[in-house]
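Trainee: I should like to request a close look at one part of this model, followed outward into its surroundings. Please take the strands as the point of departure and keep the account connected.

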Amino acid sequence: MEEKREKITQELPTEEFFTSRGKRIIRLSVNTLPFLYNNVYVVVADDGIFLIDMGFMSNLESFKEKFEKYISQKYSVSLEDVKGIFVTHAHIDHFGGLYNFLQLYPKTEIYVHEIDSKAVERFHEVLIYAKHYLSIFLIRAGLDEKSVQDYILMYSASKEFLKSVKITKALQDGDFLYGFKVIHTPGHSPGHICLILDDVIFTGDHILPYITPHQFPESIMRYTGVGHYINSLEKVREEIIRNKISFGLPAHYSIIEDVAKRIDEIKEHHNARFRKILDLCSEPKTILELTREIFPDAKKYQFLLAIDEVGAHVEYLWDRGYLGIDNIKEYLENDDVPARWVKVRDL
């Protein structure tokens with residue numbers, strides 16, 4: 001599988017899928033950020049044409065050309081015929097292209113879960129919030145002030161120029177809209193949703209075929225964290241059984257042929273990470289020290305993702321009593337002292 005699988009930096013061929021009731025889905029692979037490709041799904045349904053996500057693109061020309069070539073010429077529809085766009089979650093590679101799209105096609109409806117709606121409608125407010133609590137997390141993780149400033153600049157770099165848009169409808173868990181069932185799956189993002197259409201599930205970033213999605217500690221942003229994420233995996237498993245799901249279509253990479261099996265693999269990945277952290281914390285460790293041991297090769301932005309990931313797992317273990325804070329008095333009395341985490345119970 002390692003040799004055959006595609007890369008997240010690789011453009012995928014356009015591919016067509018069908019639901020059990022004959023609805024047509026076309027995957028368009030779009031370059032959203034440097035070294036990143038996203039899947040934008042075009043759904044030809046009974047109620048109209050819908051898009052799943054709209055990637056962060058400085059202009060729409062390449063997307064328009066691809067749509068014209070693979071959709072318009074074949075099905076005699078144009079981007080003006082797109083009734084609505086479902087945003088799986090409010091990360092910039094999934095909704096960053098909305099502003100430019102709406103400048104050209106202002107009648108298009110935009111749907112996003114209510115918890116992520118503020119990020120789509122007031123992105124810079126949410127960015128300021130996230131930067132504030134990310135700074136606190138990094139200091140408490142063990143980074144010095146200069147490193148914290150550098151990583152905050154790195155985190156903000158690609159986000160400062162994004163323009164917000166008004167949404168048409170804030171979605172809630174269990175909503176049905178134009179044949180799509182909305183499943184709220186917080187964890188990777190507070191308002192992440194998966195969408196069920198007949199026997200197909202659009203998994204966004206919640207379930208990916210080869211990697212696990214990035215986890216933020218909930219101390220940075222509510223409704224993230226590993227606890228919410230694992231609960232959401234179980235929720236999706238129940239929906240797969242209830243709706244007799246045939247396959248999943250993720251926001252990156254190709255089709256997930258057995259979504260339930262992939263859920264099991266992801267859960268085992270997180271359990272292995274928990275065990276690794278507990279083993280390392282036989283002696284007290286800061287989150288920074290744990291990150292350097294678990295991800296020794298992570299540099300620059302990859303290091304920022306790594307320390308978030310470790311922090312989210314430490315938070316999960318602390319919340320459930322597996323880890324304790326060895327220097328609790330000093331930690332609580334000083335805002336710039338990192339916690340030293342120590343194992344108090346086996347998993």
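How many bridges join strand β5 to β6, and do these strands run parallel or antiparallel?

Mentor: The model is a predicted one, and everything that follows should be read in that light. Strand β5 (residues 82-86) is joined to β6 by three bridges, and the two strands run parallel. Within this pairing, F86 stands opposite Y111 of β6. On β6 there is also a pairing with strand β7 (residues 169-171), again parallel and made by three bridges. Here V112 is placed opposite A170 in β7. Strand β6 itself covers residues 109-113, and four of its five residues are buried, so the strand is largely enclosed by the rest of the structure. The cut-off behind that statement is a relative accessible area under 20%.

The loop leading to β7 supplies a link to another part of the chain. K166 and E121 meet through their side chains in a salt bridge, with an N to O distance of 3.6 Å. K166 belongs to the loop between α6 (145-156) and β7, whereas E121 belongs to helix α4 (residues 114-121); the pair are 45 residues apart and so link distant parts of the chain. The two partners may be set side by side: K166 is exposed, at a relative accessible area of 64%, while E121 is partly exposed, at 21%. The general principle is that side chains of opposite charge can pair when their charged atoms come close.

On the other side of the chain order, the loop between α1 (61-75) and β5 contains S76. This residue has a positive phi of about 60° although it is not a glycine. That deserves notice because most residues other than glycine have a negative phi. S76 is exposed, with a relative accessible area of 66%. Y223 likewise has a positive phi, of about 65°, without being a glycine. Y223 lies in the loop between β11 and α7 and counts as partly exposed, at 30% relative accessibility.

Mention of β11 brings us to the open sheet of five strands, whose order is β8-β9-β10-β11-β12 and whose pairing is mixed. Its edge strands are β8 (176-177) and β12 (247-250), each of which pairs on one side only. At one edge, two bridges join β8 to strand β9 (residues 180-184) in the antiparallel sense; F176 has K181 of β9 as its bridge partner. At the other edge, strand β11 (residues 200-204) pairs with β12 in parallel fashion over four bridges, and F202 stands opposite L249 in β12. In a regular strand the side chains alternate between the two faces of the sheet. Strand β12 may be read with this in mind: F247 and L249 point one way, G248 and P250 point the other way, and all of these are buried.

K181 also takes part in a salt bridge with E239, with 3.0 Å from N to O. The pair links distant parts of the chain, with E239 in helix α7 (residues 225-243), K181 in strand β9, and their positions 58 residues apart. Both E239 and K181 are buried.

Helix α7 holds a further salt bridge, between R237 and E234, at 3.8 Å from N to O. These two are three residues apart in the helix and are therefore separated by about one helical turn. E234 counts as partly exposed, at 26% relative accessibility. The pair belongs to a network of salt bridges that links E234, R237, D264 and K267. For the whole model, the count comes to 22 salt bridges.

Finally, a contact between two helices may complete the picture. The axes of helix α5 (residues 123-141) and helix α10 (residues 300-319) come within 11 Å and cross at roughly 80°; the two helices are therefore roughly perpendicular to each other. In this contact, L134, F137, L138 and A141 of α5 meet L304, I307, D308 and G311 of α10. By class, the residues involved are six nonpolar, one polar and one charged.

How values were computed:
Residues numbered from 1 in each chain as written. Predicted model: local features only at pLDDT ≥ 70, side-chain atom pairs only at ≥ 80, totals over all residues. Heavy atoms only, no water. Buried < 20%, exposed > 50% of the residue type's maximum accessible area, 1.4 Å probe, protein only. Pairing = 2+ DSSP bridges. Axes fitted to C-alpha atoms, helices over the stretch in contact; angles between N-to-C directions. Parallel < 35°, antiparallel > 145°, perpendicular 65-115°, else oblique. Contact = heavy atoms within 4.5 Å. Nonpolar A, V, L, I, M, F, W, Y, C, P; charged D, E, K, R; others polar. Salt bridge = Lys/Arg side-chain N within 4 Å of Asp/Glu carboxyl O.
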